Amino acid sequence: MFSFLRDSDVIPQNNPKLKAHAVKVFKMTRESAIQLREKGKVTVADTTLKYLGSVHLKNGVLDPHFEVVKEALLRAIKEAVGEKWRDDMNCAWVEAYDQLAAAIKAEMKEEAA
């Protein structure tokens, strides 16, 4: 699923590239959540979106991959928040991630055309 894990002998949870990807996903989703709360929509800079679309397309990322990453992200956040986790928090993170993923997928589709 992750191109940077294909030739790695490192256990995935110890792979620095996977950790870096996880941090990027978290930060971008957090920024998306903030934008949703403040502006009611997610906006990604054109250059960032073009880059993300290009990289994901080049690496053969498919829709189901986005779902796997979303579930891992939600699980990690839920574990970190612990007992304070609420359904409304889950909904907010899901909406933020889904809008971000939709923007990346749209860019992938546009680049593939």
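Modeller: Ala, Val, Leu, Ile, Met, Phe, Trp, Tyr, Cys and Pro count here as nonpolar, Asp, Glu, Lys and Arg as charged, and the others, Gly among them, as polar. The model under discussion is a predicted one.

Biologist: How many nonpolar residues does the lining of the largest pocket have?

Modeller: The largest pocket has a volume of about 580 Å³, and 24 residues line it. Two of these lining residues are charged and six are polar. The nonpolar residues of this lining number 16.

Biologist: Which element gives the largest share of the lining of the largest pocket?

Modeller: The residues nearest the centre of the largest pocket are His21, Val25, Leu52, Val55 and His56. Two or more lining residues come from each of helix H1 (16-39), helix H2 (46-58), helix H3 (63-81) and helix H4 (87-112). The largest share, seven residues, is given by H1.

Biologist: Which element gives the most to the lining of the second largest pocket?

Modeller: The second largest pocket holds about 290 Å³ of space. Its lining consists of 13 residues, with Phe2, Leu18, Ala22, Ala72 and Leu73 closest to the centre. Two elements, H3 and H1, give two or more residues to this lining. With five residues, the element that gives the most is H1.

Biologist: How many of the residues in the lining of the second largest pocket are nonpolar?

Modeller: One residue of this lining is charged, and two are polar. The nonpolar residues number ten.

Biologist: Let us turn to the charged side chains. Is Glu107 buried or exposed?

Modeller: Glu107 lies in helix H4. Leaving aside residues up to four places away in sequence, Glu107 touches Leu49, Lys50 and Gly53. A residue under 20% relative accessible area is classed as buried. Glu107 has a relative accessibility of 9%, and therefore it counts as buried.

Biologist: How many residues apart in sequence are the parts that Glu107 and Lys50 tie together?

Modeller: Side chains of opposite charge can pair when their charged atoms come close. The side chains of Glu107 and Lys50 meet in a salt bridge, at 3.9 Å from N to O. Because Glu107 belongs to helix H4 and Lys50 to helix H2, the parts tied together are separated in sequence by 57 residues.

Biologist: Is Lys50 buried or partly exposed?

Modeller: The partly exposed class lies between the cut-offs of under 20% for buried and over 50% for exposed. Lys50 has a relative accessibility of 45%, so its class is partly exposed.

Biologist: How far apart are the closest N and O atoms of Glu31 and Arg30?

Modeller: Glu31 is partly exposed, at 37% relative accessibility, and Arg30 is likewise partly exposed, at 32%. These two residues form a salt bridge, and the distance between their closest N and O atoms is 3.7 Å.

Biologist: By about how many helical turns are Lys70 and Glu67 separated?

Modeller: The side chains of Lys70 and Glu67 meet in a salt bridge, at 3.4 Å from N to O. Lys70 is buried, with a relative accessibility of 8%, whereas Glu67 is partly exposed at 37%. Because the two residues are three apart in helix H3, their separation is about one helical turn.

Biologist: Which residue is linked with Glu67 and Lys70 in a network of salt bridges?

Modeller: The search of the whole structure finds six salt bridges, and one of them joins Lys70 to Glu67. In the network that links Glu67 and Lys70, the further residue is Asp98.

Definitions and conventions
Residues are numbered from 1 along each chain as its sequence is written. This is a predicted model: local features need pLDDT of at least 70, side-chain atom pairs count only at pLDDT 80 or more; totals for chains, interfaces and linings use all residues. Side-chain values use heavy atoms; hydrogens and water are left out. On a 1 Å grid over the protein atoms alone, a cavity is a set of points where a 1.4 Å probe fits but cannot get out, and a pocket is an open set with protein on both sides within 12 Å along at least five of seven lines; lining residues have an atom within 4 Å of a point. Grid points are joined across faces, edges and corners, and a volume is the space filled by probe spheres set on the points. Helices (H or I, at least four residues) and strands (E, at least two) are DSSP runs, numbered from the N terminus. Buried means under 20% relative accessible area, exposed over 50%, partly exposed in between (1.4 Å probe, protein chains only). Contact means heavy atoms within 4.5 Å. A salt bridge is a side-chain nitrogen of Lys or Arg within 4 Å of a carboxyl oxygen of Asp or Glu.
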